[in-house]
Every structure is written in C-alpha cells, then in structure tokens.
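Welcome! Please take a look at the structure below, and then let us walk through it together, one region at a time.

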Amino acid sequence: MNFLRFAARRLAEMAATLLGASFVVFGAMYLAPGDPASFLLSGRSASPQALAAVKAQYHLDDPFFVRYLNWLGDIVQGDFGRSITYRTDVSRLLADRLPTTLMLVVMALVVVAVIGLALGWIAAVRGGGIDSTVLVGTTLAVGTPSFVAAVLLQGLFAVKLGWFPSSGAGDGFADRLWHLTLPAIALALYLIGMLARVTRSTMLEALDSEHVTVARSRGVPERQVIRRHVFRNSLGTVLTTGGLIVSTLLICTILVETAFSIGGVGQLLELSTTTKDFPTVQAVSLIIVAIFMTVNLIVDLLLPLVDPRIALGTRSTSV
C-alpha cells in the first residue's frame, strides 16, 4: 500500500509538473518580440488573407488562456498543430521521425550500460594499473563532447575507412542498425566515462564497508562477495545515474543527428528552431520534457526495489 500511495503521489506530481511545462512551452511564443502572427510566419511578408488565416488557425484573437486551453485540449487528443515549414501535421512528422530517434537512444543506452558498467566493475575490483588506465580513458571520454566525437568517428570510420555510412538513417531494421552504429557510439562516449566513474566510486565505497569485511571473514567466495554485496549495493546510485544518462541522451541527439544528417526528432528540432517553426518546436519540446519526467518517475519507483535501504521518495546520493 505504501508503494501504491507513493506511485500515485508521484504520478500526480508528474502530471502537475507536465502541466506547468506545457504552459511555459506554449507561452514562450508570446515572449518573442513583435506580433505572434508575424512570428509564426517567420517574418515573411504576407497578404491580409494569409495573416487572417494564421490568426484563425492559432486563435490569436482569443484571450491568452483560452488559446492555451484550446491548444492543450488538442495536445491531449494527439493534435500538435500544423508545421509552418513542412506544411503538414506535426503529429505526422513526429510519427515518421520519433522511431529513428528512439532506436538511436536505445542503441546508445545499451552501449553505455554494457561498457560503462564493465569498465567501472573492472577498475574497482582489479585496481592498480588497470584502475589507472580506466581512469585515464574515462577522463578522456568525459572530456569529449558528443558533437566532437561524431565528427571524429565520421571522419575516420565513414570517410577514410568506409566501414560505416556517413549520413542517413537507412531503410529496414538491419540497415538502420548499420547506419546508427557510429551515431550511437558518438552519443554514448561521454556517458560511458561518466557511468564507469560512478560505478567505480560506488563499488570502491562498498568494498570498504563493514558487511563486505564480515562476508569475507565468513569465507564467502570473492565472486559472490563482489556480485551480491558490492555491486548490488551500488545499484541505487547507478540507477539514479541511469536516469540522468537517458535525459542527456535525449538532449545530445540534437547534435549527433545533425552531424550525421539523421532524420530524427533531434534534427527536426534543430531545423524547426532555425526556421522558427514554432508549432513543431512546441511539440518536440513537450515530448522531450514528458520523456524526461517519465524516466525520473521510473527511477524513483525502481530505487526502493533495487536497494531496500532507500526509502520511498528518496534517492541515493553517494556518488
């Protein structure tokens, strides 16, 4: 019952926060200088008929809160408006591009989880020269922005060696995997370093704990000590970091998709911002916020299950 009450409370908090975020996203258009209709037309000159059509489409003659409630009602029904640049429904644009972005994020997340956890584990358990090597490598990874990694990987493995495509998302599942491999690695590189360092530090802290010393004194095999008493007790902090990693992946897709010319939501947001396609920017921004909040909710719900020492509604802070 405590878990259900906590989940219900967090869902209510998420709904309230998302409502506030939607108000900010919608109101941002009216912070731009000049008339909202001119802004929606990207500063292009328009006939009185075209201007009237824009005002009618976006209900610009209605009071602000009426416009917001109408927009919010359309969003709830899956209607994100019509793109000014692409001359089509924003929901159709998202339906065409969102699967590519989600596949890229999932691929990058798998790379981060497998390599980051493995490096952190090895550095903490082996120590010595291996630990120093991992620290140097992860320091270089953390110091390499995703866009720089994208340019370097693209120049070496796509242009010079020709092992991977230099742009595009591919057609079909296998071809898309091939096209998204380099972008996923570029997206994951920085976060591999971050997760490896977090895993290493939390496991080293757990290795020095009293319960690990007791387990060793009782003759528990070292592998079992590491797996059940060290790594398991580090999962709370690692899971919290995982929430931050997913959020960072969503943001960095904008840079990586632009570098590799991937027709995903990240590149759509970048192009729509450049062309002042505000309905599309509103929709993509709101979706990113919703995914970010959903990830945080999942992390909050999983933490007490992964680490019973963490009470409901709190997070591990031992990074």
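Let us begin in a loop: R87 sits between helix 4 and helix 5. This is a predicted model, and in it R87 has a positive phi of about 55 degrees even though R87 is not a glycine. Is R87 buried or exposed? Its relative accessible area is 55%, and exposed means over 50%, so R87 counts as exposed.

Another loop, the one between helix 10 and helix 11, holds S261. S261 is not a glycine either, and it has a positive phi of about 55 degrees. With a relative accessibility of 41%, S261 counts as partly exposed.

**The chain as a whole**

Now step back and look at the overall picture. How many helices and strands does the chain have? There are 12 helices and 0 strands, so the pattern along the sequence reads α-α-α-α-α-α-α-α-α-α-α-α. The chain has 319 residues, and 42% of them are buried. Take the contacts with a separation of 6 or more: 72% of them join residues that are 24 or more positions apart.

**Helix 4 and its two faces**

Helix 4 covers residues 64-76, which makes 13 residues. At 1.5 Å a residue it should span 18 Å, and its end C-alpha atoms are indeed 18 Å apart. Which residues of helix 4 are buried? They are R67, Y68, W71, L72 and I75. Seen down the axis of helix 4, these buried residues fall within an arc of 130 degrees, so they line one face of the helix.

There is a handy rule behind this kind of arrangement. An α-helix has 3.6 residues a turn, so residues three or four places apart point the same way.

The buried residues of helix 4 pack against helix 1 (2-27) and helix 12. On the face turned away from the buried side, you can find the exposed residues L69 and V76. Just after helix 4 comes G78, with a positive phi of about 85 degrees.

**Helix 6 and a residue from helix 8**

Helix 6 runs over residues 128-142 and has 15 residues. From its first C-alpha to its last it reaches 21 Å, close to the 21 Å expected at 1.5 Å a residue. D131, V134, T138 and A141 are the buried residues to look for in helix 6. They cover an arc of only 90 degrees around the axis, which puts them on the same side of helix 6. Helix 5 and helix 8 (173-207) are among the elements that cover these buried residues. The face turned away from the buried side carries the exposed residues G129, T133, V136 and L140.

Helix 8 is also where you will find L189. At 30% relative accessibility, L189 counts as partly exposed. Which residues does L189 touch, leaving aside its neighbours within four places in sequence? They are A141, T144 and A149; A141 is one of the buried residues of helix 6. L189 and G143 are 46 residues apart in sequence, and their C-alpha atoms are 9.6 Å apart in space.

**Spaces inside the model**

Finally, let us look at the spaces. The count comes to 1 cavity of 30 Å³ or more, and there are pockets to examine as well. The table sets the largest pocket beside the largest cavity.

| Space | Volume | Lining residues | Classes in the lining |
|---|---|---|---|
| Largest pocket | about 370 Å³ | 17 residues | 15 nonpolar, 2 polar, no charged |
| Largest cavity | about 100 Å³ | 13 residues | 10 nonpolar, 3 polar, no charged |

Lying nearest the centre of the largest pocket are L109, L239, G242, G243 and V246. Helix 5 (90-126), helix 10 (222-259) and helix 12 (278-306) each give two or more residues to its lining. Which helix gives the largest share of the pocket lining? Helix 10 does, with 7 residues.

For the largest cavity, the residues closest to the centre are T101, L250, T253, V265 and I288. The elements that give two or more residues to its lining are helix 5, helix 10, helix 11 (265-274) and helix 12. Here the largest share, 4 residues, comes from helix 12.

Definitions and conventions: Residues are numbered from 1 along each chain as its sequence is written. This is a predicted model: local features need pLDDT of at least 70, side-chain atom pairs count only at pLDDT 80 or more; totals for chains, interfaces and linings use all residues. Side-chain values use heavy atoms; hydrogens and water are left out. On a 1 Å grid over the protein atoms alone, a cavity is a set of points where a 1.4 Å probe fits but cannot get out, and a pocket is an open set with protein on both sides within 12 Å along at least five of seven lines; lining residues have an atom within 4 Å of a point. Grid points are joined across faces, edges and corners, and a volume is the space filled by probe spheres set on the points. Ala, Val, Leu, Ile, Met, Phe, Trp, Tyr, Cys and Pro count as nonpolar, Asp, Glu, Lys and Arg as charged, and the others, Gly among them, as polar. The expected span of a helix is 1.5 Å times one less than its number of residues. Buried means under 20% relative accessible area, exposed over 50%, partly exposed in between (1.4 Å probe, protein chains only). The arc is that of the directions from the helix axis to the C-beta atoms. Contact means heavy atoms within 4.5 Å.
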